[in-house]
Amino acid sequence: MSYPDVYILRHGETEWNLVQRIQGSQDSPLTEKGKEQARVQAGLLEPILREHAGIPVYASPLGRARETARIAMGGCAPGLRLDLRLQEINAGAWEGLTRHEVAAGWPIEWALCGDDYELFTRAPNGETVQAAFDRAEAFLKDLLCPAVVITHGIFSCFLRGILMGKTVGEITDMPRQQGVIYHLSQGREEVIEKKCDEIEFSSK
């Protein structure tokens with residue numbers, strides 16, 4: 001399927017990110033570093049919003065994504081559209097717990113978790129890989145024009161992976177940087193980031 005260009009932002013660092021507490025569908029405020037990452041995204045997003053006048057901006061309704069959107073939009077974009085389908089994967093019984101607490105309470109399940117991706121998808125009573133994939137695909141199929149999307153780390157990989165035609169196995173290896181913008185166009189990804197006060201592009 002052919003998709004329009006999509007600019008994907010992950011929310012800035014949160015207090016729970018800092019202490020390695022699993023958020024999923026729960027929430028915590030942005031740290032000062034997280035707010036600064038959103039301000040960097042604002043600078044990167046400004047020329048995109050100028051180039052694409054009236055481009056729709058979608059965000060997860062969770063507080064950390066909405067706060068990132070508020071800062072990153074900088075008053076230059078049209079009204080923010082909240083979409084429940086952009087929420088982070090639900091980590092079930094492990095939400096609100098630190099990685100140490102999960103390892104102590106579920107040692108067998110913890111041993112099977114090779115990365116952060118599995119920490120979400122293997123959680124008891126959590127969202128399945130297929131369910132997350134289906135809602136990401138459903139959201140993308142509804143896009144009729146280029147769009148800006150503010151979402152979460154793991155879920156951003158599903159969106160980007162679908163746009164790049166990747167398998168689920170390949171999606172798990174994708175980076176999930178904060179403070180950057182992922183530009184997806186015609187099956188390719190550019191990482192728009194700021195270094196040394198200059199905007200740089202790197203293709204993947």
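So, R70 first: with a relative accessible area of 54%, R70 counts as exposed, because the cut-off for that word is over 50%. Keep in mind that this is a predicted model. What does R70 pair with? R70 forms a salt bridge with E67, and the closest N and O atoms are 2.9 Å apart. E67 itself is partly exposed, at a relative accessible area of 25%. Now, why might those two find each other? An α-helix has 3.6 residues a turn, so residues three or four places apart point the same way. And R70 and E67 are three residues apart in helix α3, residues 63-73, which means they are separated by about one helical turn.

Let's stay on α3 for a moment. Which residues of α3 are buried? They are R64, A65, T68, A69, I71, A72 and M73. What do those buried residues pack against? Quite a list: β1, α2, β2, β3 (80-82) and β4. Then, just after α3, you get G74 with a positive phi of about 55°.

Okay, back to charges. Side chains of opposite charge can pair when their charged atoms come close. How many salt bridges does a search of the whole structure find? The count is 11. One of them joins the side chains of E101 and R21, at 3.7 Å, N to O. That pair links distant parts of the chain: E101 sits in helix α4 (residues 99-105), R21 is in the loop between α1 and α2 (32-51), and they are 80 residues apart. Buried or exposed? Neither, really: E101 has 35% relative accessibility and counts as partly exposed, and R21, at 24%, counts as partly exposed too.

Another salt bridge is E118 with R122, where the closest N and O atoms are 3.6 Å apart. E118 is partly exposed at 21% relative accessibility, and R122 is partly exposed at 37%. There's also a network of salt bridges, and that one links D83, R85 and D142.

Hold on to D83 and R85, please, since they come back with F139. Leave aside the neighbours within four places in sequence, and F139 is in contact with Y58, D83, R85, L86, V149 and L159. So F139 touches two members of that salt-bridge network, D83 and R85.

That takes us to the inside. In soluble globular proteins, nonpolar side chains tend to be buried together. Here, the largest nonpolar core has 33 residues, and I8, F139, L140, F158 and L159 touch the most other members. Where do the core residues come from? β1 (6-10), α6, α7 (129-141), β4 (147-151), α8 and β5 (181-185) each supply at least two. Which of these gives the most? That's α8, with six residues. There's also a second, separate core of 17 residues, and L45, A59, A69 and I181 are among them. You've met A69 already, as one of the buried residues of α3.

Two buried loop residues next. Q23 is in the loop between α1 and α2, and at 5% relative accessibility Q23 counts as buried. What does Q23 touch? Not counting residues up to four places away in sequence, the answer is H11, T14, W16, N17, S28, R64 and E95. R64, again, is one of the buried residues of α3.

The other is P56, in the loop between α2 and β2 (57-59). P56 counts as buried, at 6% relative accessibility. Leaving aside neighbours within four places in sequence, P56 is in contact with R81, C145, P146, A147 and V148. If you want a ruler across the model, P56 and Q186 are 130 residues apart in sequence and 19 Å apart in space, C-alpha to C-alpha.

Last stop, the pocket. Rolling a probe the size of a water molecule over the atoms shows where empty space is left. In this model, the largest pocket holds about 310 Å³ of space. Which residues lie nearest its centre? Out of 19 lining residues, they are R10, N17, R99, D116 and F120. N17 is also one of the residues that Q23 touches. As for the elements, α1 (15-18), α6 (116-121) and α8 (153-164) each supply at least two residues of the lining. And by class, that lining has eight polar, seven charged and four nonpolar residues.

Terms used
Residues numbered from 1 in each chain as written. Predicted model: local features only at pLDDT ≥ 70, side-chain atom pairs only at ≥ 80, totals over all residues. Heavy atoms only, no water. 1 Å grid on protein atoms, 1.4 Å probe; cavity = no way out; pocket = protein on both sides within 12 Å on 5 of 7 lines; lining within 4 Å. Points joined across faces, edges and corners; volume = space filled by probe spheres on them. Helix = DSSP H or I, 4+ residues; strand = E, 2+ residues; numbered from the N terminus. Nonpolar A, V, L, I, M, F, W, Y, C, P; charged D, E, K, R; others polar. Salt bridge = Lys/Arg side-chain N within 4 Å of Asp/Glu carboxyl O. Buried < 20%, exposed > 50% of the residue type's maximum accessible area, 1.4 Å probe, protein only. Core = buried A, V, L, I, M, F, W, Y, C linked by side-chain atoms within 4.5 Å. Contact = heavy atoms within 4.5 Å.
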